[in-house]
Amino acid sequence: MKAAAREERSSDTSGKTEPEKRGRKASKEVRQQQLIEATIDSLAKRGYSETTMADVADGAGLSRGIVNFHFESKEKLLVATLAYMADEYAAQWRVALTKAGEDPARQLRALVAADFDRSICNKRKLAAWCAFWGEAKSRPTYQALCGARDAAYQKIFIDLCATLKQGGGYAYEPQVMALALSAMLEGLWLRLMMGTEDVTRESALQAANEFLSAAFPKHYPPDSGR
């Protein structure tokens, strides 16, 4: 650790690659972000169990000592990566919700569309999410990290389904409908990640909008989302 700290402070960059020279001059936050992005790349390419600190260091163009200096262990690096992805996802849907205004139908459509925004819905990040999902059951830390965020997100879905039910006179139970909506979105993400059915972000969003039209016909008439 001390050696890594000295390496961070040293101005001697002889023999180092250009990416690492630039990295040494970066702030702590920039360096950590660089390592997190490299971790996402490795998870997408190799999966969870095959990702190593060495892979991340090589992917970031930094020395392995610097990776250890910032995160100490693979587990801490992975927890930081998951936290970053969860925060990014939450920020995405919160912005979408705010921009939609006060109309609940617009809000729900905006939340659905946010799930397919290119910044979070791309093969690289979907593969990383799937890598974490595969480990969540056996790692309470991961469950605790995302649990509160997931609960807040799901409560908004339930509240919006309840409001739409009241306005449209639908017969469903809001909690059940919100669960179905979430499962549909997660299923589309999985199909996008697998890439086995020629599903694109655009066709997935279209499918999600068709679901809205079928579930809430008074609020989303056919073709209203196209």
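1. Reading along the sequence, you'll find the pattern α-α-α-α-α-α-α-α-α-α-α. That gives eleven helices and zero strands in the chain. Keep in mind while you look around that this is a predicted model.

2. Next, the chain as a whole. It has 226 residues, and 42% of them count as buried. Take the contacts with a separation of 6 or more: 68% of these come from residues 24 or more positions apart.

3. A good place to zoom in is α4, which covers residues 53-60. Its buried residues are M53, D55, V56, A57 and A60. What covers them? The cover includes α3 (28-46), α5 and α6 (74-99). Just after α4 comes G61, and its phi is positive, near 70 degrees.

4. Now follow the chain to α5, residues 64-71. The axes of α4 and α5 come within 8 Å and cross at roughly 110 degrees. Angles of 65 to 115 degrees count as roughly perpendicular, so that label fits α4 and α5. As for handedness, the crossing of α4 past α5 is right-handed.

5. Which residues make this contact? From α4 they are M53, A54, A57 and D58, and from α5 they are R64, V67 and N68. Sorted by class, the contact of α4 with α5 has four nonpolar residues, one polar and two charged. M53 and A57 are worth a second look: both take part in the contact with α5, and both are on the list of buried residues of α4.

6. The other pair to check is α3 and α6, both of which turned up in the cover of α4. Their axes come within 10 Å, with a crossing of roughly 90 degrees. That makes this pair roughly perpendicular too.

7. Here is who meets whom in that pair. On the α3 side there are Q33, L35, I36, E37, T39, I40 and L43, and on the α6 side L77, L78, A80, T81, Y84 and M85. The classes come out as nine nonpolar, three polar and one charged.

8. Last, the cysteines. How many disulfides are there? The count comes to zero, going by cysteine sulfur atoms within 2.5 Å. Is C130 buried or exposed? Buried means under 20% relative accessible area, so C130 counts as buried at 18%. C161 is buried as well, with a relative accessible area of 0%.

Terms used
Residues are numbered from 1 along each chain as its sequence is written. This is a predicted model: local features need pLDDT of at least 70, side-chain atom pairs count only at pLDDT 80 or more; totals for chains, interfaces and linings use all residues. Side-chain values use heavy atoms; hydrogens and water are left out. Axes are lines fitted to C-alpha atoms, for helices over the stretch in contact, and angles run from 0 to 180 degrees between N-to-C directions. Helices (H or I, at least four residues) and strands (E, at least two) are DSSP runs, numbered from the N terminus. Angles under 35 degrees count as roughly parallel, over 145 as roughly antiparallel, 65 to 115 as roughly perpendicular and the rest as oblique. A crossing is left-handed if the near helix is turned anticlockwise from the far one by less than a right angle, and right-handed if clockwise. Contact means heavy atoms within 4.5 Å. Ala, Val, Leu, Ile, Met, Phe, Trp, Tyr, Cys and Pro count as nonpolar, Asp, Glu, Lys and Arg as charged, and the others, Gly among them, as polar. Buried means under 20% relative accessible area, exposed over 50%, partly exposed in between (1.4 Å probe, protein chains only).
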